Amino acid sequence: MSKKVLVTGGSGYIGSHTLVDLIENGYEVISVDNNARSTIGMLEGVEKITGQKIKNYKVDLCNFEETRAIFEENPAIAGVIHFAAYKAVGESVEQPLLYFHNNMQSLIHVMQCIEEFKIPNFVFSSSCTVYGNPDAIPVTEETPRKQAESPYGLTKQMGEQMIEAFAAANKDLSAILLRYFNPAGAHASALIGELPIDRPQNLTPVITQTAIGKIEKLTVFGNDYTTRDGSCIRDMIHVCDLAHAHTLALNYLIQGKHQNNCEVFNIGSGDGITVLECIHAFEATTGVKLNYVIGPRRPGDVIAIYANNDKAKKVLGWSPQHDINDIMSSAWKWEQYIQDLPTHLHLPNKRLN
Ligand code: WQD
């Protein structure tokens with residue numbers, strides 16, 4: 001079977017790191033990214049790392065004709081990895097229809113093309129957010145999905161259920177849903193990494209932007225939770241480990257090792273770490289003291305969640321190779337790298353405040 005893979009959202013944070021891993025594992029990649037929330041500069045980073053030119057279709061997946069034309073132009077695609085989606089939790093609360101339209105319409109178009117062009121394998125970017133506030137941790141893949149905490153989370157839950165129904169009706173298709181925990185860190189080269197569009201929401205870029213002075217001080221959203229130090233618990237997974245999980249998932253499907261045609265995997269480190277421990281790990285690893293204060297809880301925050309990742313280890317042969325110190329040191333190296341870059345190269349459309 002061909003090793004041609006179509007990656008939607010290829011210029012994004014996880015998409016770009018996955019392109020690198022796929023290429024390093026012998027896949028031929030095609031990217032589709034309209035750069036609405038990413039920068040073409042990221043693909044330049046992928047090209048520098050891999051030494052390969054990346055073909056990117058600057059297409060909005062909400063435009064069916066343009067999406068279909070990509071599949072028509074590229075026969076014998078072995079698999080699709082679908083990252084393209086908006087993912088800012090706060091924005092999704094303010095603009096739910098924007099999220100429902102963008103995230104669901106693009107997914108439907110991709111599935112319509114998979115059906116028409118008989119693409120045999122599909123890997124979907126899902127999220128631990130489908131678990132909501134779990135009753136017990138660590139969560140396994142059998143932990144029931146709970147009420148999503150945001151419209152963003154709801155689009156991931158709906159996406160999973162749509163793909164499950166699609167797979168049930170298309171026995172020739174094999175799908176995998178990868179539930180990410182908290183992706184963080186950057187490629188060791190510091191040529192690709194996380195690029196928030198405006199002020200970052202996620203903890204790690206807020207840490208590095210505080211350290212470099214773009215943000216005056218970091219606010220820890222609550223230290224009165226019932227956890228070991230009062231701050232929330234999360235499962236930080238290095239983006240390169242997460243990227244490699246996609247390659248192994250595709251290998252598993254292409255080699256026909258799957259038990260049924262829609263399987264779910266938790267992709268997390270398996271370690272729960274508190275927000276304050278993340279901050280202290282950054283300070284210890286980089287030697288940079290962080291200016292942070294304790295503030296009020298952030299509405300919608302899950303108190304504690306981390307993965308039981310035994311299934312991915314056992315079935316996909318995957319295991320995380322990076323710890324929180326690698327995450328923080330690589331994120332810091334990346335933050336310093338983009339600091340010196342001309343804005344048109346790497347910073348997205350809007351200037352960071
Ligand atoms: C982590 C912890 C905050 C910023 C979300 C999505 C999830 C995924 C990752 C896309 C929380 C605390 C944060 C800050 C803080 N998204 N924090 N001060 O909310 O766990 O997950 O992003 O794939 O689907 O739900 O990530 O990094 O925003 O927050 O104290 O300035 O850090 O309260 O406890 P979250 P996060």
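**View A. The lining of the largest cavity mixes nonpolar, polar and charged residues.** In this lining, six residues are nonpolar, four are polar and two are charged (Ala, Val, Leu, Ile, Met, Phe, Trp, Tyr, Cys and Pro count as nonpolar, Asp, Glu, Lys and Arg as charged, and the others, Gly among them, as polar). The model is predicted, with local features needing pLDDT of at least 70 and side-chain atom pairs pLDDT 80 or more, while totals for chains, interfaces and linings use all residues. Residues are numbered from 1 along each chain as its sequence is written, and side-chain values use heavy atoms, without hydrogens or water. To find the lining here, look for Y13, G185, E194, P196, T204, P205, T208, Q209, A331, W334, E335 and I338. Helix 7 and helix 11 (324-339) each give at least two of these residues (helices are DSSP runs of H or I with at least four residues, strands are runs of E with at least two, and both are numbered from the N terminus). The space inside the largest cavity is about 80 Å³.

**View B. A second cavity holds about 70 Å³ of space.** Its walls are made by H82, F83, A84, A85, N103, M104, L107, F124, T155, K156 and G159. Helix 5 (96-116) and helix 6 (151-169) are the elements that give two or more residues to this lining. Sorted by class, the lining of the second largest cavity has six nonpolar residues, four polar ones and one charged. How many cavities of 30 Å³ or more are there? The count comes to two (on a 1 Å grid over the protein atoms alone, a cavity is a set of points where a 1.4 Å probe fits but cannot get out, and lining residues have an atom within 4 Å of a point; points are joined across faces, edges and corners, and the volume is the space filled by probe spheres set on them).

**View C. Here is the ligand with the residues around it.** The shell has 18 residues, and S127, L203, T219, R234 and D301 come nearest (a residue is near if one of its heavy atoms lies within 4 Å). By class, this shell has eight nonpolar, six polar and four charged residues. Helix 7 (203-212) and strand 8 (218-221) each supply at least two of them, and strand 8 gives the largest share, three residues.

**View D. Three residues place polar atoms beside oxygen atoms of the ligand.** Start with N182, where a polar side-chain atom lies 3.0 Å from a ligand oxygen. L203 has a backbone N or O atom 2.7 Å from an oxygen atom of the ligand. For F221, the distance from a backbone N or O atom to a ligand oxygen is 2.9 Å. The protein buries 91% of the 690 Å² that the ligand exposes when taken alone (Shrake-Rupley method, 1.4 Å probe).

**View E. Two aromatic rings meet edge-to-face.** The model has six aromatic pairs in total (rings of Phe, Tyr and Trp, using its six-membered ring, with centres within 6.5 Å; planes under 30 degrees apart are stacked, over 60 edge-to-face, the rest tilted). One of them joins Y252 and F265, with centres 6.0 Å apart and planes at 90°. This pair links distant parts of the chain, 13 residues apart: Y252 sits in helix 8 (residues 239-254) and F265 in strand 11 (residues 262-267).

**View F. Two loops show unusual backbone angles.** Most residues other than glycine have a negative phi, and most peptide bonds are trans. The bond from I137 to P138 is cis, with omega near 0°, and P138 belongs to the loop between strand 5 (121-127) and helix 6. N35 is not a glycine, yet its phi is positive, near 55°. You can find N35 in the loop between strand 2 (28-32) and helix 2 (41-50).

Conventions:
Polar contact = N/O pair within 3.5 Å; in protein donor to acceptor, adjacent residues only side chain to side chain. 1 Å grid on protein atoms, 1.4 Å probe; cavity = no way out; pocket = protein on both sides within 12 Å on 5 of 7 lines; lining within 4 Å.
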